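Let us walk through this model step by step, beginning with one residue and moving outward to the elements around it and then to the partner chain.

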Amino acid sequence: MSKTVLIVDDSTSLRQVVAMTLKSQGFEVLEGCDGKDALTKLDGRKIHLIVSDLNMPNMDGLTFVREVKKNATYKFVPIIMLTTESDDKLKAEGQAAGLKAWMVKPFKPEQMLQAVNKLVA
Amino acid sequence: MNNQAPTRTAAAWALPLGGLVLSLGLLGVSVAVPQTLVAGFFGVVAVALAFLTGKLTLSPSQAAQPAPADWAEPTAVVQAQDDSELRKVGSVWVPTLENQLNTANKQMEQGIVSLTEAFGDIHSKLNDIVKTATQAADVLGASGSGQGGLAGEVSHSLTGMLDAFKQSLHEKAEMFKEVKGFISSTDELKKMATSVEELAAKTNLLALNAAIEAARAGEEGRGFSIVADEVRKLSMLSAETGLKIRERVQDISSAARRAGDGAVRMEASDQHMLNHANTTVASVVTQFHAVTEPLETASQQIIHNTQVVSSSLNNAVVHFQFQDRVSQIVGHVCDSLEHLKSQTEEGLLGLDVQALMTDLEKNYTMAEERINHSSSHVTKVASKAAPASKASAHVEFFDTAPATAPAAKADEDITFF
């Protein structure tokens, strides 16, 4: 049975690129255009991993991560932050919020797949 | 609000503001957009910024020369004119630039989304081709399972059929051996029947002699004469039976010899048929190989080439990530322009370039932006995005250890904490 990944990013093209990379390896993909929209996808369905952007309108990535960690059903779902930001302070905030990995854009497909496979294994 | 230079003129603002504008222009120019139209927008914005820089920047010689007498105006009037022009910059020029940038940004995003969808569709179809070609290659013999594929299967089936045929011929040959053995037995039976006849003839002669001797003995030999007569009758019956046996065996022997002759002819025919079948099967298998091997090679070539194209396509699509980065840079430029607009509402005295730069820097998320910011006073542009192959700590993994746990690199691209 294929694994499901939720991609959260306000950039449609970026969501498409991540989705294409994951779908090519047999992953099912869900998409959210920001943190607020992504929270509506957490409706009880099985999600194995979340890949989220940091800077987004309505609800940013760190707030979204904290909201996910409050959700009893999804608090153990591993989350990768995929962002252009590489500031160490923000990374520390992300780690404290419960992130499993921090990936700097632009990503390499094999790098993304390696990280995803490591975290959904 | 700037309150430290209340008597500054436009010329005094020119250099720092020119630096800011040049910085924004460089950010605009640094965007590597493949679409001519979008690049045109960014180009127009960059030229406009450069024009403003030129308008606002006085050369040292110009600044040093005293103004001609007929240019001399009261400072308050000059200040008022400068403020009026500056407000126009905020109310007319900056919104125009923002509109151009936003339009370029939207068009670029729409184009990239369409391209990504189209490439994704092509990528998906290529994957379907690879699956189909792989299945075909598996059937044709490229599965690597050691079964030899379809040609091997055909060869195996035909060889099995030949083996069954050979087995059948072998069993037939065994039966022919039995027939030959039977022919040999009938010869012995014939000899035995002849012996029976000879024994009967001798017994008959013996009984005849016995009857003569009994007659010579007179009344005492009468009983013996009856026995001798019965023995003679039995011997004659034995002779008849022996004759019948010999005739019957002769018939059987003749039939067996005919069967044996037929078997010999059949053996030769079977061997000829077997040789022909062997040759035919070998020829069919060779011809089948001649057809399937090129097909198998073609399938492998299709798989390889399609995978290469698919991989290249995938890598090409990944480069579309630049749109997200460009969009963010343009967004930050627009935010700063908005900030500049709000400052110009208060005239020259409201301008605070340091605040503009500080506010601009706060929004940065990318290394290129910071490089451009720090080098805004020189014409050096971070024109390239950080490459996707950049090795240093591109991915960092966090384990369950405390957030303050030090990082430990696992390899060039992935760092574990």
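A:Val104 is a buried residue, because 24 other C-beta atoms lie within 10 Å of its own, and 20 or more such atoms are enough for a residue to count as buried. The model in which this is seen is a predicted one. A:Val104 belongs to strand 5 of chain A, and the residues that it touches, leaving aside those up to four places away in sequence, are A:Thr83, A:Thr84, A:Ser86 and B:His394. One of these contacts can be followed through the backbone as well, since the C-alpha atoms of A:Val104 and A:Ser86 are separated by 6.4 Å while the two residues stand 18 residues apart along the chain. The contact list of A:Val104 also includes a residue of chain B, B:His394, and we shall come back to that partner chain below.

It helps now to step back to the whole of chain A. Its secondary structure comes to five helices and five strands, and, read from the N terminus on, these elements follow the order β-α-β-α-β-α-β-α-β-α. Of the 121 residues of chain A, 49% count as buried. If we take the contacts in chain A between residues at least 6 apart in sequence, 61% of them join residues at least 24 apart.

The N-terminal part of this pattern offers a clear case of burial. Strand 1 of chain A, residues 4-8, is largely enclosed by the rest of the structure, because four of its five residues are buried. This strand runs parallel to strand 2 of chain A, residues 28-32, and five bridges join the two. Within that pairing, A:Leu6 has A:Leu30 in strand 2 of chain A as its bridge partner.

The helices of chain A can be examined in pairs. Two packed helices are described by the angle between their axes and the distance between the axes. For helix 1 and helix 5 of chain A, the axes come within 10 Å and cross at roughly 65°, and the two helices are therefore roughly perpendicular to each other. The crossing of helix 1 of chain A with helix 5 of chain A is right-handed. On the helix 1 side, A:Val18, A:Thr21 and A:Leu22 take part in the contact, and they meet A:Pro109, A:Met112, A:Leu113 and A:Val116 of helix 5 of chain A. By class, the residues of this contact are six nonpolar and one polar, with no charged residue.

Helix 3 of chain A, residues 61-70, and helix 4 of chain A give a second pair, packing at an angle of about 15° with their axes 9 Å apart. These two helices are therefore roughly parallel to each other, and their crossing is left-handed. Here A:Leu62, A:Val65, A:Arg66 and A:Lys69 of helix 3 of chain A meet A:Glu93, A:Gly94 and A:Ala97 of helix 4 of chain A. The contact of helix 3 with helix 4 of chain A is made of three nonpolar, one polar and three charged residues.

Two loops of chain A hold backbone details that deserve a look. In the loop between strand 3 and helix 3 of chain A lies A:Asn58, which has a positive phi of about 70° although it is not a glycine. A:Asn58 counts as partly exposed, because 13 other C-beta atoms lie within 10 Å. In the loop between strand 5 and helix 5 of chain A we find A:Pro106, and the peptide bond that leads to A:Pro106 from A:Lys105 is cis, with omega near -5°.

We can now return to the partner chain. In the contact between the chains, 30 residues of chain A meet 31 residues of chain B. The elements that give two or more residues to the chain A side are helix 1, helix 4, strand 5 and helix 5 of chain A, and helix 1 of chain A gives the most, with six residues. Sorted by class, this side of chain A has 14 nonpolar, eleven polar and five charged residues. Strand 5 of chain A also pairs with strand 1 of chain B, residues 395-397, in the antiparallel sense and over three bridges, and A:Ala101 has B:Phe397 as its bridge partner there.

Key: Residues are numbered from 1 along each chain as its sequence is written. Chains are lettered from A and ligands numbered from 1 in the order in which they are written. This is a predicted model: local features need pLDDT of at least 70, side-chain atom pairs count only at pLDDT 80 or more; totals for chains, interfaces and linings use all residues. Two residues are in contact if their C-beta atoms, placed from the backbone, lie within 7 Å. Ala, Val, Leu, Ile, Met, Phe, Trp, Tyr, Cys and Pro count as nonpolar, Asp, Glu, Lys and Arg as charged, and the others, Gly among them, as polar. Two strands pair if DSSP finds at least two bridges between them. Axes are lines fitted to C-alpha atoms, for helices over the stretch in contact, and angles run from 0 to 180 degrees between N-to-C directions. Angles under 35 degrees count as roughly parallel, over 145 as roughly antiparallel, 65 to 115 as roughly perpendicular and the rest as oblique. A crossing is left-handed if the near helix is turned anticlockwise from the far one by less than a right angle, and right-handed if clockwise. A residue is buried if 20 or more other C-beta atoms lie within 10 Å of its own, exposed if 12 or fewer, and partly exposed in between; C-beta atoms are placed from the backbone.
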